[in-house]
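Subject: Structure handover

Hello,

Here is the structure for you to take over. Please open it first, then read the notes underneath.

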Amino acid sequence: MDLQEFFNFCWEEYLKRVPTAKKVFDGLIKLEEAVANDHIALRTFCYPGMTKEDLASYFEKEGMEVRGHYTFEAKKLEAIHLEHKGDPRKPKVFISELKWQELSDESQQLLKPLFEQFESNSKGKTIDELVKEGRPWTLGYEDYLTLKKESEYAGWMAAYGFFPNHFTISLNDLVHFPEMKTFVTWLKEQGVELNSSGGIIKGSPEELLEQVSTLADEGLVSFNDGDYRIPTCYYEFAKRYHDDNGDLYQGFISANADKIFESTDSQGEKES
Ligand code: NI
């Protein structure tokens with residue numbers, strides 16, 4: 001797959017699991033907005049063959065390069081972001097990774113069988129192939145819950161594998177909503193629930209980036225012992241501001257992203 005095919009494939013898959021994204025997207029199309037993505041986000045484990053650098057290698061071949069590094073101490077995460085070298089209109093790619101070796105022994109033991117399955121099924125595959133083949137391991141629902149108790153991120157990654165975590169609409173490209181505030185009002189009018197951890201709007205014009213995210217939808221996921229409803233993915237919205245040199249800021253703010261990660265936190269799952 002080339003980069004555009006990859007983005008298109010991810011978007012189609014993502015829409016199937018995130019009805020809220022479809023609702024917001026369709027609402028904007030009705031307003032005749034030209035919806036553009038600021039970035040798409042992927043998650044992974046820091047394990048050989050699937051580190052953030054391993055995943056990034058595909059994007060580097062497709063003309064992108066790493067332009068930012070981030071650390072989230074409390075969540076035991078590190079992240080990078082890539083931008084396209086020749087086409088600033090292409091969405092950025094944000095790849096975070098869990099330093100799973102810093103989790104408890106119990107969680108590490110639960111993750112090991114996943115890594116073993118990855119080794120035998122998927123090692124050497126690039127991210128476009130990984131997304132296409134779907135979660136490369138099986139796991140039990142109880143193990144998912146145990147992982148999630150220690151690290152929401154570990155649970156999400158175990159349940160979904162390399163499924164795209166979120167898409168992000170660029171507010172700068174919307175004509176009806178010059179301000180994030182008016183866009184938030186519109187989202188609420190559409191009945192969209194927003195992540196309020198750290199305030200609905202994360203960041204500020206002074207920080208050159210404002211971000212808002214929906215709360216993750218829920219969907220059925222297959223585990224060894226049956227299908228269960230768990231949080232899927234959220235939709236994000238980003239507005240960027242110009243720096244003192246007149247350049248539109250293209251990085252990410254760790255403090256914002258730290259709160260946005262919590263958009264996939266569970267609001268209580270129900271057994272199907
Ligand atoms: Ni994001």
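Below are the findings, starting with the metal site.

One point before that: this is a predicted model.

**Metal site**

The model holds a nickel ion, coordinated by His39, His166 and Glu236. Both histidines bind through NE2, and Glu236 through OE, at 2.1 Å. Along the chain the donors follow the spacing H-x126-H-x69-E. His166 and Glu236 link distant parts of the chain, being 70 residues apart. His166 lies in strand β5, residues 166–170. Glu236 lies in strand β10, residues 234–240. Are these two donors buried or exposed? His166 counts as buried, because its relative accessibility is 5%, and the cut-off for buried is under 20%. Glu236 is buried too, with a relative accessible area of 1%.

**Main sheet**

β5 and β10 also belong to an open sheet of eight strands. The order is β2-β3-β4-β1-β5-β10-β7-β6, and the pairing is mixed. β2 (64–72) and β6 (202–204) stand at the edges. Each has a single partner strand, so one side of each is left without a neighbour in the sheet. From one strand to the next, the twist averages 20 degrees.

Take the β2 end. β2 and β3 run antiparallel and are joined by eight bridges. Tyr70 stands opposite Ala79 in β3. The hairpin of β2 and β3 has four residues between the strands. In that hairpin, Lys76 takes a positive phi near 60 degrees.

β3 covers residues 77–84. Seven of its eight residues are buried, so the strand is largely enclosed by the rest of the structure. On to strand β4, residues 92–98: six bridges join it to β3, again antiparallel. Ile80 has Ile95 in β4 as its bridge partner.

Now the β6 end. Three bridges join β6 to strand β7, residues 209–213, and the two run antiparallel. Ser204 has its bridge partner, Leu209, in β7.

**A separate pair to look at**

Strand β8 (residues 218–223) pairs with strand β9 (residues 226–231). The sense is antiparallel, over six bridges. A hairpin of two residues joins β8 to β9. Glu218 stands opposite Pro231 in β9.

**Nonpolar core**

The largest nonpolar core has 80 residues. Which residues have the most contacts inside it? They are Phe45, Phe59, Ile127, Phe183 and Phe237. Helix α1, residues 3–17, supplies the largest share of this core, with eight residues.

Phe237 is worth a click. Leaving aside residues up to four places away in sequence, Phe237 touches a list of residues that includes Val24, Thr168, Ile169, Leu171, Met180 and Phe183. Also among its contacts are Leu187, Glu210, Gln211, Val212 and Thr214.

**Cysteines**

How many disulfides are there? The count comes to zero. Why is Cys10 not bonded to Cys233? The sulfur of Cys233 is the closest cysteine sulfur to that of Cys10, but at 11 Å it is too far for a bond. Cys233 is in no disulfide either. Both residues are shut away: Cys10 counts as buried at 0% relative accessibility, and Cys233 is buried with a relative accessible area of 0%.

**Where to start**

I would open the view on the nickel ion and its donors His39, His166 and Glu236. From there, follow the sheet order out to its edge strands, β2 and β6.

Best wishes

Notes:
Residues are numbered from 1 along each chain as its sequence is written. This is a predicted model: local features need pLDDT of at least 70, side-chain atom pairs count only at pLDDT 80 or more; totals for chains, interfaces and linings use all residues. Side-chain values use heavy atoms; hydrogens and water are left out. Donors are N, O and S atoms within 2.8 Å of the metal (3.2 Å for Na, K and Ca); water is not among the atoms, so sites may look incomplete. Buried means under 20% relative accessible area, exposed over 50%, partly exposed in between (1.4 Å probe, protein chains only). Two strands pair if DSSP finds at least two bridges between them. A nonpolar core is a set of buried Ala, Val, Leu, Ile, Met, Phe, Trp, Tyr and Cys residues joined through side-chain atoms within 4.5 Å. Contact means heavy atoms within 4.5 Å. A disulfide is a pair of cysteine sulfur atoms within 2.5 Å. Axes are lines fitted to C-alpha atoms, for helices over the stretch in contact, and angles run from 0 to 180 degrees between N-to-C directions.
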